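Subject: The structure you asked about

Hi,

Here is the structure, ready for you to open next to your own notes. Have a look at it first, and then read on for what turned up in it.

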Amino acid sequence: MKSILSLLFLVITVSCLGQAIGTLNLNYIYNPQNEVDLQMKVVKGQTDIKIYYSLQAATVQFTTESCSISWQRRDSFSQREGTDITPVEIQPASTTDGKKTGIISVPIPEKPWLLVAKISTASVSKSWLYFKTIEANYPVNAYLIGASGIINKPYVYPKIDYQIIGSSGKPLRGSFYKDKFNPASPPFVESESPVDRFLLYDSIFTIQNEGKIKFTTQGLYLLQEDTAAAEGFAFRHVGPAYPKYSRVEDLVNPLIYVCTREEFDQLKNANGDKAKFDKVILDITKDKERAKNFMRSYFRNVEFANLYFSSYKEGWKTDRGMIYLIYGMPNEVIKTAQNETWNYLGSKQSFTFVKTGSVYDPDYHVLVKDKRYAESWFSTIDLWRKSRF
């Protein structure tokens with residue numbers, strides 16, 4: 001069965017240019033072992049939309065130098081064939097430290113369309129598609145530059161100088177939110193209060209365009225040229241090991257999904273004491289080796305959830321991050337303009353996430369909850385607790 005699925009996935013990947021984006025299995029974008037990874041940061045300017053891209057080969061079988069990028073336009077997720085385009089190259093592609101980076105631009109459109117990047121390699125007849133929606137009202141109009149270039153991920157680290165770049169050259173106002181935000185509720189909890197599209201900040205500051213700043217307090221930041229407009233650039237200031245967690249006290253909160261209330265309180269009350277923390281984990285798994293396997297596997301998923309789904313809150317706290325954490329990487333990922341569906345073939349579970357983007361995260365998705373998920377959820381949690389996932 002596995003070989004049949006692998007062959008089917010290869011056929012789909014190779015022939016993807018003849019299929020609509022909305023019918024492709026895109027699970028490779030959440031696969032940490034995929035051969036390549038392409039990051040695209042879209043920033044709206046005064047007269048155009050710039051795309052800052054970074055391509056990296058993720059396995060020893062491929063090198064960034066052997067990969068090529070071609071660009072295509074599609075008008076919808078259902079369009080089977082696109083149009084090859086040659087975007088304006090503001091910064092031609094160059095390779096440094098194993099990453100191929102560049103900057104392209106396209107005009108601000110009247111109607112949304114898909115910019116599709118096809119990654120190909122000469123070593124095998126295989127390709128991958130990555131895409132971004134190009135739209136006139138895209139809310140991101142600023143970005144950060146760090147020591148290694150444009151910051152593509154929505155988080156920054158301590159003790160590093162960052163340069164802030166806005167689209168108009170005006171000073172930017174920064175809003176800081178110290179709220180740690182609640183983790184997503186399990187998929188069967190249907191009544192959940194939505195997060196406000198505009199949050200109440202805890203403090204504000206002003207910085208000149210192209211000015212440098214070093215972030216000292218962990219939390220959410222929003223930089224805006226015009227506070228009356230739903231445009232800006234949001235990111236979190238995180239710990240130095242993120243998307244991993246290295247401190248015992250940081251390991252507690254992600255365990256909320258697999259602990260009873262009493263166990264979770266015990267972990268909280270351990271206050272970073274490793275011996276007390278380990279005892280609770282051992283009481284859950286009933287075996288030292290299972291405890292080690294549980295912690296290693298669980299926090300590997302936490303790391304990947306943070307890597308792929310970090311938003312105004314940590315990735316594991318989001319709806320997609322929660323499902324990735326508990327159920328693992330989906331076998332199938334189907335995307336449309338307004339939603340994303342994950343299919344797990346073994347458990348025959350399907351989860352749909354609806355796009356509800358805002359200035360804090362244009363790509364934020366919310367899970368469609370259903371009480372019928374309860375049985376699957378609790379049986380999967382039981383497997384985690386027995387270290388039999």
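A quick word on strand pairing before the details: two strands pair if DSSP finds at least two bridges between them. Please also keep in mind that this is a predicted model.

With that in hand, let us start at Tyr162. Its bridge partner in β15 is Ile213. Tyr162 falls within β12, which covers residues 161–166 and pairs with β15 in the antiparallel sense over 3 bridges. Both strands belong to an open sheet of 4 strands, and the order across that sheet is β10-β9-β12-β15, with antiparallel pairing. At its edges are β10 (149–150) and β15 (212–214), each of which pairs on one side only.

Tyr162 turns up again among the aromatic residues. Together with Phe176, Phe205, Phe215, Tyr221, Phe233 and Phe235, Tyr162 forms one aromatic cluster. The structure's count of aromatic pairs comes to 38. In general, a pair of aromatic rings is described by the distance of the centres and the angle of the planes.

Next, the second largest pocket. Its volume is about 1,000 Å³. There are 40 residues in the lining, and those closest to the centre of the pocket are Gln39, Ser54, Gln56, Lys99 and Asn152. Which elements give two or more residues to this lining? They are β1 (36–44), β2 (48–57), β5 (88–96), β6 (99–107), β10 and α5 (288–309). The strand that gives the most is β2, with 5 residues. You will recognise β10 here as one of the edge strands of the open sheet. Sorted by class, the lining of this pocket has 21 nonpolar, 14 polar and 5 charged residues.

Now to a hairpin further along the chain. It joins β18 to β19 through 3 residues. These two strands, with β19 spanning residues 339–344, pair in the antiparallel sense over 4 bridges. Within that pairing, Lys335 stands opposite Glu340 in β19. β18 itself (residues 332–335) has two faces: Val333 and Lys335 make up the covered one, while Glu332 and Ile334 make up the uncovered one. So if you are looking at Lys335, you will find it on the covered face of β18, with Glu340 as its opposite number in β19.

Since cysteines often come up at the bench, how many disulfides does the structure hold? The number is 0. Cys67 counts as buried because its relative accessibility is 3%, and the cut-off for buried is under 20%. Cys259, at 14% relative accessibility, also counts as buried.

Two more residues to find on your screen:

- Gln349 lies in strand β20 (residues 349–355). At 16% relative accessibility, Gln349 counts as buried. Tyr327 is 22 residues apart from Gln349 along the chain, and their C-alpha atoms are separated by 9.5 Å.
- Thr83 has its place in strand β4 (residues 83–85). Is Thr83 buried or partly exposed? At 47% relative accessibility, Thr83 counts as partly exposed. Between the C-alpha atoms of Thr83 and Trp71, which are 12 residues apart along the chain, the separation is 8.6 Å.

Happy browsing, and do write back with any questions.

Best wishes

Technical notes:
Residues are numbered from 1 along each chain as its sequence is written. This is a predicted model: local features need pLDDT of at least 70, side-chain atom pairs count only at pLDDT 80 or more; totals for chains, interfaces and linings use all residues. Side-chain values use heavy atoms; hydrogens and water are left out. Rings of Phe, Tyr and Trp (its six-membered ring) pair if their centres lie within 6.5 Å; planes under 30 degrees apart count as stacked, over 60 as edge-to-face and the rest as tilted. A disulfide is a pair of cysteine sulfur atoms within 2.5 Å. Buried means under 20% relative accessible area, exposed over 50%, partly exposed in between (1.4 Å probe, protein chains only). On a 1 Å grid over the protein atoms alone, a cavity is a set of points where a 1.4 Å probe fits but cannot get out, and a pocket is an open set with protein on both sides within 12 Å along at least five of seven lines; lining residues have an atom within 4 Å of a point. Grid points are joined across faces, edges and corners, and a volume is the space filled by probe spheres set on the points. Ala, Val, Leu, Ile, Met, Phe, Trp, Tyr, Cys and Pro count as nonpolar, Asp, Glu, Lys and Arg as charged, and the others, Gly among them, as polar.
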